[in-house]
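Hi,

Here is the structure I said I'd pass on. Have a look at it first, and then read on for what turned up.

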Amino acid sequence: MSSPQITLLAENEEYEFYRVGSFSDENINYGVDIDKVERTCFCDCPHFINRLQTEKWGGARIDDSEHHCKHIREVLYGNY
Ligand SMILES: [Zn+2]
């Protein structure tokens, strides 16, 4: 399966926001947030929102790869 398109939409010293294409439908995109200060990440795909989030305010730890969806993995590691 080919890798989805990743676009960096916004970035500053504390934060990065990406748009990542769905693996299964090229018409769908998800938003991936990386909080470089809190060391957390977030994706708005249903799998992440419903099953993978661990943090009280949403998201998962950047160093907790067990709880990363494939979109977050694509952003952080370039593959999943
Ligand atoms: Zn996701």
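In which sense do strand 1 and strand 2 pair, and over how many bridges? Strand 1 and strand 2 are antiparallel, with 5 bridges between them. Strands count as paired here if DSSP finds at least two bridges between them. Helices (H or I, at least four residues) and strands (E, at least two) are DSSP runs, numbered from the N terminus.

Two notes before going further. This is a predicted model, where local features need pLDDT of at least 70 and side-chain atom pairs count only at pLDDT 80 or more, while totals for chains, interfaces and linings use all residues. Residues are numbered from 1 along each chain as its sequence is written.

The overall picture: the chain has 2 helices and 5 strands, and along the sequence they come as β-β-β-β-α-β-α. The C-alpha atoms fit a box of roughly 30 × 30 × 20 Å along the principal axes. The radius of gyration is 12 Å, which agrees with the value near 12 Å for a compact globule of 80 residues. That radius is taken over C-alpha atoms, and the globule rule is 2.2 Å times the number of residues to the power 0.38.

Now the sheet. It is open, its 5 strands are ordered 1-2-3-4-5, and the pairing is antiparallel. Strand 1 (6-11) and strand 5 (60-61) are the edges, each with a single partner strand, so one side of each has no neighbour in the sheet. A hairpin of 3 residues links strand 1 to strand 2. Strand 2 (residues 15-21) is in turn joined to strand 3 (residues 29-35) by 7 bridges. Val 20 is a handy residue to start from: in strand 2 it is the bridge partner of Ile 6, and in strand 3 its own partner is Tyr 30. Phe 17, meanwhile, stands opposite Asp 33 in strand 3.

What lies across the sheet? Helix 2 (residues 70-77) lies across strand 1, strand 2, strand 3 and strand 4 (40-43), at about 55 degrees to strand 3. For that angle, axes are lines fitted to C-alpha atoms, for helices over the stretch in contact, and angles run from 0 to 180 degrees between N-to-C directions. The buried residues of helix 2 are Lys 70, His 71, Ile 72, Glu 74 and Val 75, and they pack against those four strands, strand 1, strand 2, strand 3 and strand 4. Buried means 20 or more other C-beta atoms within 10 Å of a residue's own, exposed means 12 or fewer, and partly exposed is in between, with C-beta atoms placed from the backbone.

Next, the largest nonpolar core (buried Ala, Val, Leu, Ile, Met, Phe, Trp, Tyr and Cys residues joined through C-beta atoms within 7 Å). Of its 14 residues, Val 32, Cys 41, Cys 43, Ile 72 and Val 75 touch the most other members. Strand 2, strand 3, strand 4 and helix 2 each give two or more residues to this core. Leaving out residues up to four places away in sequence, Ile 72 touches Val 32, Cys 41 and Cys 43; contact means C-beta atoms, placed from the backbone, within 7 Å.

Two backbone details to finish. Arg 39, in the loop between strand 3 and strand 4, has a positive phi of about 60 degrees although it is not a glycine. Arg 39 counts as exposed because it has 12 C-beta neighbours inside 10 Å. Gly 78, which follows helix 2, also has a positive phi, near 80 degrees.

Cheers

Notes
Two residues are in contact if their C-beta atoms, placed from the backbone, lie within 7 Å.
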